[in-house]
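Please examine the structure shown below alongside its sequence. The paragraphs that follow lead through it step by step.

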Amino acid sequence: MPKAPVELYDVGVPCKKGHVCGRYAVSKKCVTCATEAALAWNEANKDKHRANVRAYAARNPEKTRAVVAAWRKANPDKVKVLNDSWQAANPEKYRNIAIQWKARNPGYVRAIGAARRAGKLLRTPTWLTTDDFAAIKAIYAEAAEKTRVTGVCWHVDHIVPLLGKNVSGLHVPWNLQIITGSENSRKGNRHDG
């Protein structure tokens, strides 16, 4: 059942706190005062507020997913910070989530791995020297060491993707960079340069 629109009226007279703005037709409260009171209540009752938000989300899962998806799309920088901080604070949970997903999707994981290996072979030039191969191995070793030390998953990323939509790069040391797993997942096969 859709909610009725909120009716406001404007009296042009300041409220007790001096706000000159609309007032709610039902409660007669100033819109600014009502907003401040709601925010103060939320701050004073964080746990109760969180429980209310979770209860609403449980009752309205589709709407909640849509709102969250819209917020994530509108705030990619905030999402990155939140993801990175959660991964840093919960390295074991993050690792377990990835392991569980891979266990549930073994065929998909194998197909991705096979395609990636085939793509790397096709995109590795024959003119690379022994030093170039050593540099590539060193970059992968550094990523593994960073993951071990920090507890955050670090990936070796191809700056220009091997199989990009508009451009394809090579599997060479100067096309590799070490970035967090969440950054790499977000980047996908895109080249921003």
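Does Glu36 count as buried, partly exposed or exposed, and what is its relative accessibility? Glu36 counts as partly exposed, because its relative accessibility is 37%, which falls between the limits of 20% and 50%. This value, like every other one discussed here, is computed from a predicted model.

The confidence of the prediction deserves attention before the details. The average pLDDT of the protein is 85, and 96% of the residues score at least 70. Among the elements, helix 3 (residues 61–74) has the highest mean pLDDT, 93, whereas strand 1 (residues 8–9) has the lowest, 71. Where pLDDT is low, the predicted coordinates should not be read in detail.

Strand 1 is nevertheless a useful place to begin. Tyr9 is found in this strand and is partly exposed, since its relative accessible area is 30%. Together with Val11 and Val13, Tyr9 forms a nonpolar patch on the surface; the accessible area of the three residues together is about 230 Å². Asp10 is placed in the loop between strand 1 and strand 2. With a relative accessibility of 59%, Asp10 counts as exposed, because the limit for that class is over 50%. Asp10 is in contact with Cys21 and Gly22, leaving aside its neighbours within four places in sequence. For Asp10 and Cys21, the separation is 11 residues in sequence and 6.6 Å in space, C-alpha to C-alpha.

The discussion now turns to charged pairs. Side chains of opposite charge can pair when their charged atoms come close. Seven salt bridges are found in a search of the whole structure. One of them joins Lys17 to Glu36, with 3.9 Å between the closest N and O atoms. This pair links distant parts of the chain, for Lys17 belongs to the loop between strand 1 and strand 2 (23–24) and Glu36 to helix 1 (residues 31–44), 19 residues apart. Lys17 counts as exposed, at 60% relative accessibility, while its partner Glu36 counts as partly exposed.

Other salt bridges lie within a single helix. Asp47 and Arg50 meet through their side chains at 3.4 Å, N to O. These two residues are three residues apart in helix 2 (residues 46–59), and therefore about one helical turn separates them. Asp47 is exposed at 61% relative accessibility, and Arg50 is partly exposed with a relative accessible area of 42%. In helix 5 (residues 91–104), Arg95 and Glu92 are likewise three residues apart, so they too are separated by about one helical turn. The closest N and O atoms of their salt bridge are 3.7 Å apart. Arg95 is partly exposed at 45% relative accessibility, and Glu92 is partly exposed at 46%. Elsewhere, Lys80, Asp84 and Glu183 are joined into one network by salt bridges that share partners.

What, then, makes up the largest nonpolar core? Seven residues do so: Leu128, Ile136, Ile139, Ala143, Val156, Val172 and Leu176. Helix 7 (residues 130–150) gives the most to this core, contributing three residues. In soluble globular proteins, nonpolar side chains tend to be buried together. Ile136 touches Leu128, Val172 and Leu176, as well as His171 and Pro173, if residues up to four places away in sequence are not counted.

Helix 7 also carries residues with greater access to the surroundings than the limit for burial, which is under 20%. Lys137 is found in this helix and counts as exposed, because its relative accessibility is 64%. The C-alpha atoms of Lys137 and Pro173 are separated by 9.0 Å, although the two residues are 36 residues apart along the chain. Ala144 also lies in helix 7 and is partly exposed, with a relative accessible area of 48%. Between the C-alpha atoms of Ala144 and Val156, which are 12 residues apart along the chain, the distance is 9.1 Å.

The final stop is helix 8 (residues 181–187), where Asn184 is located. Is Asn184 buried or exposed? Asn184 is buried, because its relative accessible area is 17% and burial means under 20%. Not counting residues up to four places away in sequence, Asn184 touches His155, Asp157 and Ile179.

Key. Residues are numbered from 1 along each chain as its sequence is written. This is a predicted model: local features need pLDDT of at least 70, side-chain atom pairs count only at pLDDT 80 or more; totals for chains, interfaces and linings use all residues. Side-chain values use heavy atoms; hydrogens and water are left out. pLDDT is the predictor's confidence in each residue, from 0 to 100. Helices (H or I, at least four residues) and strands (E, at least two) are DSSP runs, numbered from the N terminus. Patches are made of residues with over 30% relative accessible area and no salt bridge: like charges are joined within 9 Å, nonpolar side chains (Val, Leu, Ile, Met, Phe, Trp, Tyr) within 5 Å. Accessible areas come from the Shrake-Rupley method with a 1.4 Å probe; for residues, only the protein chains shown count as cover. A salt bridge is a side-chain nitrogen of Lys or Arg within 4 Å of a carboxyl oxygen of Asp or Glu. Buried means under 20% relative accessible area, exposed over 50%, partly exposed in between (1.4 Å probe, protein chains only). A nonpolar core is a set of buried Ala, Val, Leu, Ile, Met, Phe, Trp, Tyr and Cys residues joined through side-chain atoms within 4.5 Å. Contact means heavy atoms within 4.5 Å.
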